[in-house]
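Trainee: I am new to this structure and would like a close look at a single part of it. Please take the packing of one pair of helices, and then place it in the rest of the chain.

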Amino acid sequence: ASYKVAVIPGDGIGPEVMNEALKVLRVLKDQDSTFQYHADIFYWNSDYYLKHGRMMPEDGLEILKNYDAVLFGAIGDERVPDDITVWELIMPIRKQFQQYINLRPVKKLPGIKTRYDDVKSDIDFVIVRENAEGEYANSGGRLYSGMDQEMAIQNTVITRKGTERAASFAFEYAKKHGKTKVTSATKSNAVVHSMKLWDEAVKAVADSYPEITLEQNYIDALAAYFVMRPESFEVVVASNLFGDILSDLGSALVGGLGISPSANLNPTGEFPSMFEPVHGSAPDIARTGKANPIAQIWSTAMMLEHLGRDDLSTMIIRAIEQVLKRGEVLTADLGGSATTMEMGEAIIEELTVH
Ligand code: NAI
Ligand code: MG
């Protein structure tokens, strides 16, 4: 099979880190005749907006639909308001392509200083965030009933179907990766309607995985457990808001934006999924060569896993780990002085040695 990949480098450091990711893909293709892909690059960014008054062409989503995956850099530029760049490019892709899972690995990498360096067991888990409904459902409004009576209502939408598909993804992921426990974030002691349905739906899915333990933790306690014993988690499944918060907490535990990847998944495969670093366009370091390309390269590894090439994905992650373990080539965010390109080259060299 030859995969079709739509590449959107974006703004700021987006194109800089994307260049390194594309080199990694090229090297894998050169080395492995069973891996074929075709990449088309779409320059839909703030420059595009300033020229055309929109972030992507009118038929942008139609175009992307024909691809197996979207590899995204980062977007954001001081000349265009953030709500335009994000809401007119990233959000429509996530929504239209029903990318109802946001997947964020939380893995302690060798050579990265964390507060947990004395902890013997590795921190290595994933957060499965429900990405389509929950607390971020756009439902509610502002009411005015006279002076000092202003009020806002924001509804949380939890559906059995939406929760079950997120839970199913979490359990399938656990099964595939030999994990034995799924932790569900809840608050059904206080949020008694929506979170009780969440609990029931997660439990119903868990019942078909007798070999995997379900742990249901209240979100407040869970946040504390993340900090106290991060090594104890394997797969964490959470609603949109809880998952959003836990994801940032998770990446803070293990080392920061320069190395944090993410995937927005449409698990049914009906639409393309999108892979992107967690970080933004980092205008403060754009054009200085300081950006760390690891988050982008790791996001590319997640894309390859999604496309069924677990072997290539594992190879990339191993190469990143090897480079970090040696600690000779480190970008500024990791305490070194290597450039974006030097980091990319080091990872590629590691890939080609093996
Ligand atoms: P940011 O993630 O771009 O930067 C935050 C800090 O982390 C900065 O000091 C930056 O230099 C550093 N940083 C980020 N990525 C790095 C990397 N790969 N290597 C080394 N250091 C790195 O977030 P910020 O500054 O809040 O937003 C900047 C722009 O990015 C805004 O326009 C914002 O809207 C946009 N943004 C876009 C996202 C996306 O495309 N998905 C996500 C987050 C922000
Ligand atoms: Mg967030």
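Mentor: What follows describes one helix pair, then a second pair, the domains and the ligand shell.

The model is predicted. The pair to look at is helix α10, residues 310–326, and helix α11, residues 340–353. Two packed helices are described by the angle between their axes and the distance between the axes. For α10 and α11 the angle is about 120°, and the axes are 9 Å apart. The two helices are therefore oblique to each other. The crossing of α10 past α11 is right-handed.

The contact itself can be followed residue by residue. On the α10 side are Met-315, Ala-319, Ile-320, Gln-322 and Val-323. They meet Ala-346, Ile-347, Glu-350 and Leu-351 of α11. By class, the residues of this contact are seven nonpolar, one polar and one charged.

A second pair can be set beside it: helix α7, residues 219–228, and helix α8, residues 240–254. Here the angle is about 10°, with the axes 10 Å apart. That makes α7 roughly parallel to α8. From α7, Ile-219, Ala-223 and Phe-226 take part. Their partners in α8 are Phe-242, Leu-246, Leu-249, Gly-250 and Leu-253. This contact divides into seven nonpolar residues, one polar and no charged.

Now the domains. The domain assignment gives domain 1 as 1–111 + 267–354, and domain 2 as 114–254. The C-alpha centres of domain 1 and domain 2 are 26 Å apart. Where they touch, 14 residues of domain 1 are in contact with 22 residues of domain 2. Strand β4, residues 101–107, supplies the largest share of the domain 1 side, with seven residues. That side of domain 1 is made up of seven nonpolar, three polar and four charged residues.

Last comes the ligand. Ligand 1 is surrounded by 22 residues, and the closest are Gly-76, Gly-258, His-279, Gly-280 and Asn-292. Helix α4, residues 82–96, gives the most to this shell, with three residues. Twelve residues of the shell around ligand 1 are nonpolar, six are polar and four are charged.

To return to the part you asked about: α10 and α11 pack at about 120°, and their contact includes one charged residue. The contact of α7 with α8, packed at about 10°, has no charged residue.

Methods
Residues numbered from 1 in each chain as written. Chains lettered and ligands numbered in written order. Predicted model: local features only at pLDDT ≥ 70, side-chain atom pairs only at ≥ 80, totals over all residues. Axes fitted to C-alpha atoms, helices over the stretch in contact; angles between N-to-C directions. Helix = DSSP H or I, 4+ residues; strand = E, 2+ residues; numbered from the N terminus. Parallel < 35°, antiparallel > 145°, perpendicular 65-115°, else oblique. Left-handed = near helix turned anticlockwise from the far one by under 90°. Contact = placed C-beta atoms within 7 Å. Nonpolar A, V, L, I, M, F, W, Y, C, P; charged D, E, K, R; others polar. Domains from an automatic or database assignment. Near = placed C-beta within 6 Å.
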